[in-house]
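Colleague: I've got the model open next to the sequence, and I'd like to go through the labels people put on it. Can you walk me through the reasoning behind them?

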Amino acid sequence: MKMDRRVFVSHLMSVASSVPFVNLGLLGGCVSRVADGSMPDGAHRIEGGIPEAAYVRPLGDVAKGYCPQLGDQQCRTGKPTPGLRDAGAGLAVPGLGLPVGGIGAGSFMINQCGTFGPWNMGGMPTENFWEQRTLSQAAFHIREEGGGRPGAAVRTLAVPHESIAPERRLGTVLPAWNTLEAGQGSYAVLFPFAWLTYEGLATKATMKVWSPIVSNEDERSSMPVAFFELDLSNPTSEPIDLTVMLTFPNAPAFASGSIRNGHYSKYAFDTGSGVAGVTLGSDAVENTPDAARSEWTIAAQVGKGQAVSYCTSWNADGDGSDIYAALAKGKATGPLPNGTLDGSASAGALALSLTLEPGQSQVARFALSWDFPQVWHRGEGGAEAVWMRRYTGFLGGKSTQTNDYIAGSYRGGQGFEIARRELARYSQSLADVEQWWRPIAENSAVPSWLRMSALNELYHMVFNGSFWESGLVRTTMPMSAEQGTLPRLGSAIPGTHLYFHTDSGGGGAITNEVDMDSAGYLGFAKLFRSMELGRVRPLLQMVHQNPIGIGRVIQQAFKGNGPYISQTASFQNMPATMAPVRGVPPKSSKDLGELFDPHGGDPFRDCPHKLIYRTYALIRFYNDDDLLRYGYTTMLKALEYAQFFRPEGSHLPTDPPSNNPPNTMDQAVVNGHGIYNCGLYLLSLQVMSVLTGRAARLGIAEATHSRQRTLESELVAAREEFERIFWNPQTGRYRYCDGSGGIGDRTGRIWNRFKPVPPPDSIWLESFAGQLVAMELGLPDIIDLDRARIHLHNTLDQFIRFRDPQGRLMGGPIILQPDFAIYPSSLKTTEINEVIPGVAWSAAAAAVRIGKRLGDRDIVEKALQLAEGCAIRIYGDPQSGLAFNSPESWFVDDVEVTRFPGYTRTRSIWSLYDAMSEIQIRQPH
């Protein structure tokens, strides 16, 4: 049985600068410094064209990764741990790297061994959101002759990888191939680029890998293409004859769960662009939707003095000796047969041959493109939904006004056309990517570790179940009884292209969680507007057409509804027609109540506020009056839903008085008014107060002068109450909660989980979540900044005091007890005893903004130390193997115990980047 992040703990436990004075570059590239300032073992750096902020590792020298006592990662026994990947712990996989391919187009990684895997083609034909498989037939190979070396030599530019843990293996290439050894080169990534340098060759060779992810442009950002540009130079005193070959199989998108038959292969050459390509296709009537009319294309742009040769078929099921023998022969016109080696159409190859004189350099430019035009989601009972991928809308695919695909408008079979188009505009695409990327990657006002973390955390939007559609083909997903014949989500506004991703590609969190995903809203809103619209619009529609007219906003959308077909079971199994429930304290003297018990009141009360501020961000950044016209009334409904939970005589909503999750920190019980949700409520009042005047000018009926006055007066009263109940002048700190919920004496065990109720004067790391967003969106302050300064001076030292066993910063837990003690892991609970990097980065962003506003150097420096500790754990520890697999958390008293590899809350790093140096918006086109 699948378990989401709410319920994994019992399973786990049962198993066992714009600020010139800031100069905190403890982490440069991927390398951390230990307490004495020396580089840790395994540190490696390469020079020459690699950005300072890149994550860098020796090629093929994959970290062993943590092997904790709790939640065995298969690394103690070498045997698969049943259910581990599907449980909340997930499976950490060291050695991951750059994902290539367009957003929502399907993706694979070029990992730290230089091999092609893991894979995530989107959709759900398999239960695993990404597949730990390497295509052993996919590789680059170099044949060299000359350069002062006798004879000819062939090397495959990959390093074998094995691990005692079966599901941690990155695998290797075919056995007949002569691979590199670990350490024979370097591997560097700064998304969307990777650089691989190779040693042990006569030729000096570096390969740049990238995909055309262009800020605020849908077309190229969605294209299923990866570029491989090899920079080749001859450092010897004699000529070198070179052939570079790319091999690739005619592979299914998924190892299992789909059918892909009817293989064919063909060669094409376009004289206008000089692009040659071998296409490997499949077209059989029995193919499943994810494989229907699908193609791979290996392509190259033939340069001056280069000869192209090809093989349209060799034996993918053999040991690779057939295609290797062809390459080894070598000849001036190219070694490959310009035909077939067998009749299987199971694999192809393309090669460029050239001669380098002493001191001469050339570039060999390749691309891999694919055309798998449909995404297939399967639900319970055989129900399914089939969508067109976003890129198809730029290659002939068309949609109706309700965003349904027009059958037959996309002709398919465009693998070579995609490669030809994209290679032909390679230089322009590179310039357009660098136009948004370089100001971020090379910004000296921002520490290099922050630039590295921010850019590399964008891997989620390409890899983690990335879904971006261009029309619904068909669906048999059931609509809920209460929803009846209401329009499917995403159909209300023409031109809406739904965007979806899983929360943890490593397994465990299989849902699309609004509460957590909102942590990364700012980077998406500023850099990738269309995808943020693809989240916000269907959420607005869901509220707009709620059958009983309430403003409840979903916490998560389960895979069984499409995604975004209906809101069936989309709010912790509470139907859309259930009226809001305030809840009462549990009757038992100790029991907190069953998880998600409706009698405890509606959970996740942060979600309405997050929809409000995410919608406002798009309206503000892009002056989007159309979104305001559609969303204003819905935003009011969401605000009114939050106001339902205000007790009599209070201007602030309370949290559920039970074990019902109060907000995105669903394991942290709140007793009464909680500072996190109340701060977001102030933010929502501020947003709606600002928006109402603008909405009135647009003629929106609900935006009246009376409503404006009510919002303004309520904001004043709510702010006064906020300061009165949360600020404690005796401690000089803001409280975690006010203790008014009637559960202060409860603990309880839910599903064998210990659930303490933190006392009111506990210290919440993310106390200023609402204030952070207000500052990000240029709104008036919603809290007293002088008090916030005192709070930060009295708490930051306590949050940054934690070190790992090597003496390195490691971030701070999300909450401390009133005496600054931690909640230890021995309590066998989660969140309250963990460092959650996504929370730490948001909290640091708030502190940096407050510190900069007040000119307080100390606050800014300590906030950056808090944040850098999390970057060190993920990118700076050469033994952790957490890069491109960023966990949701690690235990504050045992950093080797991590949860949810691949979790997306870490995109909050963009709030910290923006706090240090404002991200410039590139207008959509």
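**Reasons behind the labels**

Modeller: Sure. E217 is a good place to begin: its relative accessibility is 7%, and buried means under 20%, so E217 counts as buried. Bear in mind that this is a predicted model.

Colleague: Where does E217 sit, and what does E217 touch?

Modeller: E217 lies in the loop between β11 (204–210) and α2 (218–221). Leaving out residues up to four places away in sequence, E217 touches R922 and H925.

Colleague: What makes the pairing of the E217 and R220 side chains a polar contact?

Modeller: The distance is 2.5 Å, and the cut-off for such a pair of N or O atoms is 3.5 Å. The side chains of E217 and R220 are therefore joined by a polar contact.

Colleague: Next, R529. Why is R529 called buried?

Modeller: R529 has a relative accessible area of 17%. The limit is under 20%, so R529 is buried. R529 belongs to helix α10 (residues 529–544), and R529 touches N216, F524, L618, Y622, D624 and P924, not counting residues up to four places away in sequence.

Colleague: And Q708, is that buried or exposed?

Modeller: Buried, because Q708 comes out at 15% relative accessibility and the limit is under 20%. You'll find Q708 in helix α14 (residues 705–726). With residues up to four places away in sequence left out, Q708 touches S689, T692 and G693.

Colleague: How far apart are the C-alpha atoms of Q708 and R803?

Modeller: They are separated by 49 Å, and the two residues are 95 residues apart along the chain.

Colleague: On to the cysteines. How do you know that C67 and C75 form a disulfide?

Modeller: Their sulfurs are 2.2 Å apart, and the cut-off is within 2.5 Å, so C67 and C75 count as a disulfide. The link of C67 and C75 is right-handed, with 110 degrees about the S-S bond. C75 is also buried, at a relative accessible area of 16%. A search of the whole structure finds one disulfide.

Colleague: Why is there no bond between C678 and C737?

Modeller: The sulfur of C678 is 10 Å from the closest cysteine sulfur, which is in C737, and that is too far for a bond. Looking from the other side, C737 is in no disulfide, and the nearest cysteine sulfur to C737 is that of C678. C678 is buried, with a relative accessible area of 0%, and C737 is buried with 0% too.

Colleague: Let's do strands. What makes you say that β12 and β20 pair?

Modeller: Nine bridges join strand β12 (residues 225–233) to β20, and pairing takes at least two bridges, so these two strands pair. β12 and β20 run antiparallel, and S233 has S361 in β20 as its bridge partner.

Colleague: How many bridges join β16 to β20?

Modeller: Seven, linking strand β16 (residues 294–301) to β20, again antiparallel. T297 stands opposite S369 in β20.

Colleague: Why is β20 described as mostly covered?

Modeller: Nine of the eleven residues in strand β20 (residues 361–371) are buried.

Colleague: And the open sheet of six strands: what is its order?

Modeller: The order is β8-β7-β13-β19-β17-β18, with mixed pairing. β8 (149–156) and β18 (339–340) stand at the edges with a single partner strand each, so each has one side without a neighbour in the sheet. Within the sheet, five bridges pair strand β17 (residues 307–313) with strand β19 (residues 347–356) in the antiparallel sense, and S309 has A351 in β19 as its bridge partner.

Colleague: Finally, the whole chain. How many helices and strands are there in the protein chain?

Modeller: There are 19 helices and 35 strands.

Colleague: What makes the protein chain as compact as a globular protein of that length?

Modeller: The radius of gyration is 28 Å, close to the 29 Å that the globule rule gives for 925 residues, so the chain is as compact as a globular protein of that length. Along its principal axes, the C-alpha trace spans about 85 × 65 × 50 Å. Buried residues make up 68% of the 925 residues. The accessible surface comes to about 28200 Å², and 50% of that belongs to carbon and sulfur atoms.

Key
Residues are numbered from 1 along each chain as its sequence is written. This is a predicted model: local features need pLDDT of at least 70, side-chain atom pairs count only at pLDDT 80 or more; totals for chains, interfaces and linings use all residues. Side-chain values use heavy atoms; hydrogens and water are left out. Buried means under 20% relative accessible area, exposed over 50%, partly exposed in between (1.4 Å probe, protein chains only). Helices (H or I, at least four residues) and strands (E, at least two) are DSSP runs, numbered from the N terminus. A polar contact is a pair of N or O atoms within 3.5 Å; within protein, one must be able to donate a hydrogen and the other to accept it, and residues adjacent in sequence count only if both atoms are side-chain atoms. Contact means heavy atoms within 4.5 Å. The radius of gyration is taken over C-alpha atoms; the globule rule is 2.2 Å times the number of residues to the power 0.38. Accessible areas come from the Shrake-Rupley method with a 1.4 Å probe; for residues, only the protein chains shown count as cover.
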